[in-house]
Structure formats: structure tokens, C-alpha cells
Amino acid sequence: MPSLDFKGKAFVYAHHLTVPFRELVPDAKKSCLPKSTAPALDGNLIIHGDNLHALKALLPLYAGKVDCVFIDPPYNTGNEGWCYNDNVRSPVAKEWLKKASPVDKEDLERHDKWACMMWPRLKLLHELLAEDGVIFITIDDNEVHRLRMLMDEVFGEDAFVASIAWQKRTSPESRKKLGPAHDTIHVFSKRQGQVRFAKLKMTEEQIAEFSNSDNDPKGDWTSTDLTAQNIDPEKRKDQQYKITLHNGEIVSPPPGRCWSMLEPEFLRLKKEKRIWFGVNGNARPRVKTYLSRIHAIGVRI
């Protein structure tokens, strides 16, 4: 089987074994529990700390017991400000990481450092998964192919289930002739043939959230936020346009946010009556999501 060769691989190949075990210590002050109930490790957990250390701390409790894992690792776009500073024991690796720790788009070794960061974490996640467990990992075009090769090597080619294209935008990319419209979710199982997929039925509570107050011919719907977090105002200035409400009031996105789509896409949805301005037509716009178009996908093991 072909494998991915990257600078530092020899140093991190067994690094997950050298990471010390750490005790998980519940913090009563930060626990959401009824009064007079002591925090414990057998319920839902939010772990604060380095994710590599957290995974190693979970190993004694949950090795081989986790049914489903979903992770959203750094995409290594060069704009995220993250750095790989895991302290492997090799003096050569320490020196290399120390000299070139910050990851930026112009760094020719940033893909090596990203792979070094991912390898020990994938190894520990493999140990945590149950024999019939499954893992989902989101990634974009920067590392999608390298992640697939890392997963093939850690989990095995036969453990590959699918690569799902997740549509992250419906409006065209105005800054490029061919812009990215989707991210990828790599799906691997712990063992081949152990995972079966089926549609999830919506609960009565979920269905009750849909209605048709304006007699829309497309059927029952619910409204969702039309804004998104404005991480990079300079790059998203085309999503800062003004919208005129039915009463003539002009609104802009709230501070720190932008509209979730470009203006041409907004105007198209508005023409199709898929933008909701409230009962009186003067509320901040929201997007209609129709019950008939909901396709919830789940995992059945």
C-alpha cells in the first residue's frame, strides 16, 4: 500500500506512545449538575486542554468503547494562526519545530508540520474507537488528499467508507473564476463492513418547529439566520451589503457578522419568496428552510 512520506514522520510515528497519561480532574465550579451532586467522569464531559493530552487521558476509560467520533481539525489554510508545537523527544525534531513552528501559507514545510500534528492524534483516535465504531473528519482542499493517505495508513484502506462532499456555500465566489463550494468529510470505520447507513426520522418536536404561516405553496418551513461570523472583513466585504425592508428601513449585518451569501444569491432567493421578513415584513431577513427538503442522515451500527 502506498504511504505518505513527510518530514518528521520518523519522529512522530510512535509519539502517541510517549505522551504521558494525565488524570482527568472534574471541576465542580464548571459542572452543570443539580445541587449536592458531585461531578464524575461517567457522564458528558467537556475537557479543557491540549487535545493530544485529552485523548491520552481518555484512553484508560474509553479505549475500544467509542462508537462515533467527529473531529474538525485545522484546515491549514495559512490564515488560522495555529502552530504545531508538540514536544517530541528527538533533538532534531525539537529544533525543527522550534525554528519553524508557526504555520503560514508561504511556509513550504507547513504540510509536513500539519501531518506531524495529525499523526499521533489519529493513532489515539483509532485506539479509542470500538470495533464497530466510525469516525468523520471534515477538511478542505488544502489537506484533503494528505488526510486521506494518513487515514489509509492509520486505519487501513479497507476501513474507508466514503468521502462526503459537504456544500458550504450556494452563492458564487465573486473573487475567483472557480471558487471552492464544498468541504470534504472523510468517513472511516474501525473495521470493514461494520457500518450501515440509514436516514434518521425526524422527531415530533423537530417537525413541530415547521409551519406555514404565509401559506407558502412549497409547504411547511422554518426560518434560519441569514448572517455568518465575519472572520475576515476584508475578504467578505461583498457580504456587507445593505437590505431594504418593506417599510423602507435599511439594515446591515450586526457588528462582527456579515450576510451568509452574496447579494445576487440573496436577490434570487428573495424573488423566489424564500426570504422571510417577519409577519409584518419589517423584521431582519431570515432564510426559509422547507420541511420537504430536509434530508437528515445518520449512522446505524
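Which side chains does a polar contact of 2.7 Å join? In this predicted model, the pair is Tyr290 and Asp216. The region around Tyr290 is described below, after an overview of the chain.

The chain has 301 residues, and 38% of them are buried. Its secondary structure comes to eight helices and 13 strands. Among contacts with a separation of 6 or more, 69% link residues 24 or more positions apart. The accessible surface of the chain is about 18,600 Å². Carbon and sulfur atoms account for 53% of that surface.

In soluble globular proteins, nonpolar side chains tend to be buried together. In this model, the largest nonpolar core holds 38 residues. Those touching the most other members are Phe6, Leu122, Ile135, Leu147, Leu150, Met151 and Phe155. Six elements each give two or more residues to this core: α3 (51-62), β1 (66-71), α4 (91-99), α5 (110-128), β2 (129-139) and α6 (144-155). The largest share, ten residues, comes from α5. A second core is separate and has twelve residues. Leu226, Ile243, Met261 and Val287 are included in this second core.

Phe6 illustrates how the larger core is reached from the start of the chain. Beyond its neighbours within four places in sequence, Phe6 is in contact with Val12, Asp112, Ala115, Cys116, Trp119 and Leu150.

Helix α6 has twelve residues. At 1.5 Å a residue, α6 should span 16 Å. Its end C-alpha atoms are 16 Å apart, so the expected span and the model agree. The buried residues of α6 are Val144, Arg146, Leu147, Leu150, Met151, Asp152, Val154 and Phe155. Their cover includes α5, β2 and β4 (182-189). After α6 comes Gly156, which has a positive phi, near 100°.

Strand β2 has eleven residues, and nine of them are buried. The strand is therefore largely enclosed by the rest of the structure. Strands of a sheet pair through backbone hydrogen bonds, either parallel or antiparallel. Both senses occur around β2. Five bridges join β1 to β2, and these two strands run parallel. β2 and β4, by contrast, pair in the antiparallel sense over six bridges. Ile137 takes part in both pairings. In one, Ile137 of β2 is the bridge partner of Ile71. In the other, the bridge partner of Ile137 is His186 in β4.

Another sheet is open and has three strands, in the order β6-β12-β11. The pairing in this sheet is antiparallel. β6 and β11 (275-276) are the edge strands, and each pairs on one side only. Strand β12 covers residues 286-290 and is joined to β6 by five bridges. Across this pairing, Thr224 stands opposite Val287 in β12. Val287 also belongs to the second core.

Tyr290 lies in strand β12. Is Tyr290 buried or exposed? Its relative accessibility is 2%, so Tyr290 counts as buried. Outside its neighbours within four places in sequence, Tyr290 is in contact with Phe210, Asp216, Lys218, Gly219, Asp220, Trp221, Lys273 and Arg274. Asp216 is also the partner in the 2.7 Å polar contact between side chains. Asp220 is 70 residues from Tyr290 along the chain, but their C-alpha atoms are separated by 5.9 Å.

Lys218 is one of the residues that Tyr290 contacts. Lys218 sits in the loop between α7 (204-208) and β6 (221-225). Its relative accessible area is 33%, so Lys218 is partly exposed. Residues up to four places away in sequence aside, Lys218 touches Glu272, Tyr290, Ser292 and Arg293. With Glu272, a polar atom of the Lys218 side chain lies 3.4 Å from the backbone oxygen. The C-alpha atoms of Lys218 and Arg274 are separated by 9.7 Å, although the two residues are 56 positions apart along the chain.

How values were computed
Residues are numbered from 1 along each chain as its sequence is written. This is a predicted model: local features need pLDDT of at least 70, side-chain atom pairs count only at pLDDT 80 or more; totals for chains, interfaces and linings use all residues. Side-chain values use heavy atoms; hydrogens and water are left out. Helices (H or I, at least four residues) and strands (E, at least two) are DSSP runs, numbered from the N terminus. Buried means under 20% relative accessible area, exposed over 50%, partly exposed in between (1.4 Å probe, protein chains only). Contact means heavy atoms within 4.5 Å. A polar contact is a pair of N or O atoms within 3.5 Å; within protein, one must be able to donate a hydrogen and the other to accept it, and residues adjacent in sequence count only if both atoms are side-chain atoms. A nonpolar core is a set of buried Ala, Val, Leu, Ile, Met, Phe, Trp, Tyr and Cys residues joined through side-chain atoms within 4.5 Å. The expected span of a helix is 1.5 Å times one less than its number of residues. Accessible areas come from the Shrake-Rupley method with a 1.4 Å probe; for residues, only the protein chains shown count as cover. Two strands pair if DSSP finds at least two bridges between them.
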